[in-house]
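Biologist: Please take a close look at one part of this model, the salt bridges, and then set that part in its wider surroundings. I would like one connected answer.

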Amino acid sequence: MLLEADECGLGPSGRNGGFVHGYWSYLPRLRNEFGDGRALEIARLTDPIISGVRAFCEEHQVDAWLREGGMLRVSATPSQDADVDEDVETVRALGVPDQAVPLSGEELEQRIRSPRFRKGVLWRDCATVQPARLVRGLRRVAGERIRLYEHSRVKKIEDGRVETERGSVRVKDVVVAVNAAAAGWKPVQRQLTVFGSYVVLTEPVPELLERINWTGGEAVIDGRMFLHYFRTTNDGRVLMGSGSGPIGFGGRIDERFTRDRATVARAEQGLRYLLPDLAEAKVTHAWGGPIDVSSDHLPFFGTLPGKRIHYGAGYSGHGVGPSWLGGQILARLVLRVDDELTRLPFVTRRVRKLPPEPIKRLGGGLVRASILACEEAEQQGRRPSLAARAGAALPRILGLRIGTR
């Protein structure tokens, strides 16, 4: 049985950026967190994600606009060059150089031309989808196999019992897989915070895409801490996202995550700045949603001690692909299977706690403002103020990660 508070797909699962990938592009972070061997193990276990999504779509005739074009990480300021270089150095050091191909400015122009881009790296492990089409397909297939109850918000979770607004259900196992809403659930709330992420979508502009050579379906991200993420669609539109939205308080999901005009404006500003040749493209749609960000920007899974309540959270804005793996991990926790998936650090590690409220909200807001100030100054060719640099460095000093990268 699946209990859904609203309708399947109306939350972030239906309006995300549509990037589908595993953890190859996370190799530098995985290496720093877990060492060379575990980093490669995680990346290889997520290698079948795209083929798994493709197989699902083909078997069940789901037209999710799946397109495999890889992912470009581009540098748009001198300070972002180091991220591109680290990607290349990491794959070479770990003996998998074919996973990430370095691109000079001239080579990058053959895939996407912009006067802002200095250089880049092409990660082969990435595809794009139209997320609402995918989630509607998942909803249809799930409804054919299980009992699906929408508009059934869960009010209370106990071992063996789930209470909704309309009644209660007695169950052997409970799986809590509610994305950003988990930040309000006491067992994991100290491991999560909520950020807003917004996108703008242009009118169809296939002729402009041809003008800048962006016709291969590549997904693109820049090196900001609150990154820009952008891709094209099957009907020739451009989606530009900004992960610079507001921070939540106490796990509350309110209209700041769906109606924040300032973040919408930053997303459109990113479109105009990073891709100035698309100045003629009109923005026709904009929307936002909350993302669950863990203290180390990696997902975590587990079972409450002594209970049959299992959970997965902390995808940190990269859940479309990794949730394919997460579903398998959660199924194994329910069935008490001990194998290579349940021994992954995503299950076994101890996730660092974030500060309690209101310190988490106030401190996060201060750091967010500092990072945004630093990135704005770098974009304008100025040196950030000392106060902004100090605030932006605080998470690193505390061993935490903030932002959407």
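**Salt bridges and their surroundings**

Modeller: Glu163 has a relative accessibility of 28%, so Glu163 counts as partly exposed. Everything said here refers to a predicted model. The salt-bridge partner of Glu163 is Arg161, with an N to O distance of 3.4 Å between the side chains. Arg161 is also partly exposed, because its relative accessibility is 22%. The limit below which a residue counts as buried is 20%. The two residues belong to a network of salt bridges that links Lys156, Glu158, Arg161 and Glu163. In general terms, oppositely charged side chains can pair when their charged atoms come close.

The structure holds 25 salt bridges. Another of them joins the side chains of Asp81 and Arg118, at 2.7 Å from N to O. This pair links distant parts of the chain, with the two positions 37 residues apart in sequence numbering. Asp81 lies in helix H4 (residues 81-93), whereas Arg118 lies in the loop between helix H5 (105-109) and strand S6 (119-123). The two ends differ in class: Asp81 has a relative accessible area of 14% and is therefore buried, while Arg118 has 38% and is therefore partly exposed.

A third example is the salt bridge between Asp339 and Arg332, whose closest N and O atoms are 2.5 Å apart. Asp339 is buried, at a relative accessible area of 17%. Arg332 has a relative accessibility of 23%, so Arg332 counts as partly exposed.

Now to the wider surroundings. The protein contains 12 helices and 19 strands. For its 405 residues, a compact globule would have a radius of gyration near 22 Å, and the protein agrees with this at 21 Å. The C-alpha trace spans about 60 × 50 × 45 Å along the principal axes. Of the 405 residues, 51% count as buried. Among contacts with a separation of 6 or more, 73% are between residues 24 or more positions apart. The exposed area is about 18,500 Å², of which carbon and sulfur atoms supply 49%.

Strand S15 (228-232) is one place to follow this burial residue by residue. S15 is largely enclosed by the rest of the structure, because 5 of its 5 residues are buried. His228, Phe230 and Thr232 point one way from the strand, Tyr229 and Arg231 point the other way, and all are buried. S15 pairs with strand S14 (residues 219-221) in the antiparallel sense over 2 bridges, with Val220 opposite Phe230. A hairpin through 6 residues joins S14 to S15. S15 also runs antiparallel to S16 (238-242), and 5 bridges join S15 to S16. In that pairing, the bridge partner of His228 is Ser242. S15 and S16 form a hairpin with 5 residues between them, and Gly236 in the turn has a positive phi of about 80 degrees.

After S16 comes a loop that leads to helix H8 (261-274), and Thr258 is located in this loop. Thr258 is partly exposed, because its relative accessibility is 37%. Leaving out residues up to four places away in sequence, Thr258 touches Arg15, Tyr198 and Gly288. The C-alpha atoms of Thr258 and Gly196 are 7.9 Å apart in space, although the two residues are 62 apart in sequence.

In H8, the buried residues are Thr263, Ala267, Gly270, Leu271, Tyr273 and Leu274. They pack against strand S13 (192-202), S15, S16, strand S17 (283-294) and helix H11 (359-379). The 14 residues of H8 should span 20 Å at 1.5 Å a residue, and the end C-alpha atoms agree with this at 20 Å apart.

There is also an open sheet of 3 strands, in the order S2-S7-S3 with antiparallel pairing. Strand S2 (19-20) and strand S3 (67-68) are the edge strands, each pairing on one side only. S2 pairs with strand S7 (residues 127-128) over 2 bridges in the antiparallel sense, and Phe19 has Thr128 in S7 as its bridge partner.

Note on methods:
Residues numbered from 1 in each chain as written. Predicted model: local features only at pLDDT ≥ 70, side-chain atom pairs only at ≥ 80, totals over all residues. Heavy atoms only, no water. Helix = DSSP H or I, 4+ residues; strand = E, 2+ residues; numbered from the N terminus. Buried < 20%, exposed > 50% of the residue type's maximum accessible area, 1.4 Å probe, protein only. Contact = heavy atoms within 4.5 Å. Salt bridge = Lys/Arg side-chain N within 4 Å of Asp/Glu carboxyl O. Expected span 1.5 Å × (residues − 1). Rg over C-alpha atoms; globule rule 2.2 N^0.38 Å. Areas by Shrake-Rupley, 256 points an atom, 1.4 Å probe, with all protein chains shown as cover. Pairing = 2+ DSSP bridges.
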